[in-house]
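Let us walk through this structure step by step. Keep the 3D view open and turn it as you read.

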Amino acid sequence: MSAVLISADELREVLADKRVRLLDVRWALGDPDGPQHYLDGHIPGAVFVDLETELAAPPSPARGRHPLPDPAQLEKCARSWGLRTGDPVVVYDATGGMAAARAWWLLRWAGIADVRILDGGLPAWTGSGGAIASGEEDDPELGDVEVNPGQLPVINADAAAKWSGVLLDARAGERYRGEVEPVDPQAGHIPGAISAPTAENLDADGRFRSVDVLQHRFAAFGSGPVAVYCGSGVTAAHQIAALAAAGIEAALYPGSWSQWSNDPKRPVATGA
């Protein structure tokens with residue numbers, strides 16, 4: 001789990017190492033005010049990262065709402081955040097890692113090995129007595145990190161359609177069952193997928209559950225290669241982080257339901 005997560009107390013200790021880079025990735029579906037939340041209060045030294053424009057390519061029906069960014073553009077952004085080769089990186093949000101996990105996954109996919117999610121996010125930091133800064137930070141010195149994409153497994157829609165292992169749907173259960181669909185053109189799920197809501201990876205305090213609990217949870221879904229999707233490839237990254245904490249590798253379907261449901265050729269299942 002320590003390869004995936006870092007506690008607030010551990011973060012306070014490692015911040016003595018000036019190489020540690022902090023990324024504030026506050027974003028939530030329907031909340032466009034991440035930059036303002038950052039200005040109102042953030043961990044001192046953190047750089048704000050815009051999930052919509054820096055951690056994703058422009059949306060389209062053909063690719064989904066949050067396609068993977070172009071590697072050259074991701075490298076440019078990462079350097080603008082001050083990331084240098086070999087720097088440890090800690091990402092956080094205020095929603096249990098639901099957005100920060102996208103940065104964790106994307107940077108790991110890009111070959112940046114030492115990336116961890118602040119367990120419990122900003123609430124855990126303030127709850128442990130951590131200091132808060134407001135307003136703008138000085139622009140970091142330009143980094144030199146190099147992006148080498150493809151270091152974590154990815155699948156496309158065709159692979160998801162014929163996946164022979166365990167395909168997990170990380171959205172809320174009512175969206176999986178097709179009872180509601182707030183953003184995408186069709187309600188339901190990919191046939192054969194198993195409902196595994198991402199929120200169940202967290203305890204009541206918004207921290208990841210223990211390794212034993214996560215291992216037991218994922219074992220109940222069956223054995224075989226694991227792949228994960230959600231609405232647009234964001235919260236699925238959180239599921240992959242929880243799986244990694246439990247010692248299980250999983251592939252991401254980046255297009256997720258936002259791509260699948262826009263393709264009239266793709267079948268849609270509903271119900272439990």
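Start with two neighbouring strands. β1 and strand β5 (residues 115-118) run parallel, and two bridges join them. One of these contacts is easy to find: Leu-5 of β1 has Ile-117 in β5 as its bridge partner. Keep in mind that this is a predicted model.

Now widen the view. β1 and β5 belong to an open sheet of five strands. Read across that sheet and the order is β1-β5-β4-β2-β3. The pairing is parallel. Which strands stand at the edges? They are β1 (5-6) and β3 (47-48), and each of them pairs on one side only.

Move on to another sheet. Four strands make up this open sheet, in the order β7-β6-β8-β9. Here too the pairing is parallel. β7 and β9 (250-252) are at the edges with a single partner strand each, so one side of each has no neighbour in the sheet.

Look more closely at β6 in this second sheet. Strand β6 covers residues 166-169. It pairs with strand β8 (residues 226-229) in the parallel sense, over four bridges. Val-166 of β6 has Val-226 as its bridge partner in β8. β6 also pairs in the parallel sense with strand β7 (residues 194-195), this time over two bridges. There, Asp-169 stands opposite Ser-195.

Where do the side chains of β6 point? Val-166 and Leu-168 point one way, while Leu-167 and Asp-169 point the other way. Are these four residues buried or exposed? All are buried.

Next, turn to the aromatic rings. How many aromatic pairs does a search of the whole structure find? It finds four. One of them is formed by Phe-218 and Phe-221, with ring centres 6.3 Å apart. Their planes are at 50°, so this pair counts as tilted. The cut-offs explain the label: planes under 30 degrees apart would be stacked, and planes over 60 would be edge-to-face. Phe-218 and Phe-221 are both buried.

Rings can also have a charge above them. The charged end of Arg-12 sits over the ring of Trp-125, 5.1 Å from the ring centre. There is another such case at Trp-260: Arg-266 lies over its face, at 5.1 Å from the ring centre.

Finally, step back to the chain. Its secondary structure comes to 11 helices and nine strands. Why can the chain be called as compact as a globular protein of its length? Its radius of gyration is 18 Å, and the globule rule gives 19 Å for 272 residues; the two values are close, so the description fits. Along the principal axes, the C-alpha trace spans about 50 × 40 × 30 Å.

Half of the story is inside: 50% of the 272 residues count as buried. The accessible surface of the chain comes to about 11,700 Å². Carbon and sulfur atoms account for 51% of that surface. Consider, last, how the chain meets itself. Take the contacts between residues at least 6 apart in sequence: 76% of them join residues at least 24 apart.

Technical notes: Residues numbered from 1 in each chain as written. Predicted model: local features only at pLDDT ≥ 70, side-chain atom pairs only at ≥ 80, totals over all residues. Heavy atoms only, no water. Phe/Tyr/Trp six-rings, centres within 6.5 Å; stacked < 30°, edge-to-face > 60°. Buried < 20%, exposed > 50% of the residue type's maximum accessible area, 1.4 Å probe, protein only. Lys NZ or Arg CZ within 6 Å of the ring centre and 35° of its normal. Rg over C-alpha atoms; globule rule 2.2 N^0.38 Å. Contact = heavy atoms within 4.5 Å. Areas by Shrake-Rupley, 256 points an atom, 1.4 Å probe, with all protein chains shown as cover. Pairing = 2+ DSSP bridges.
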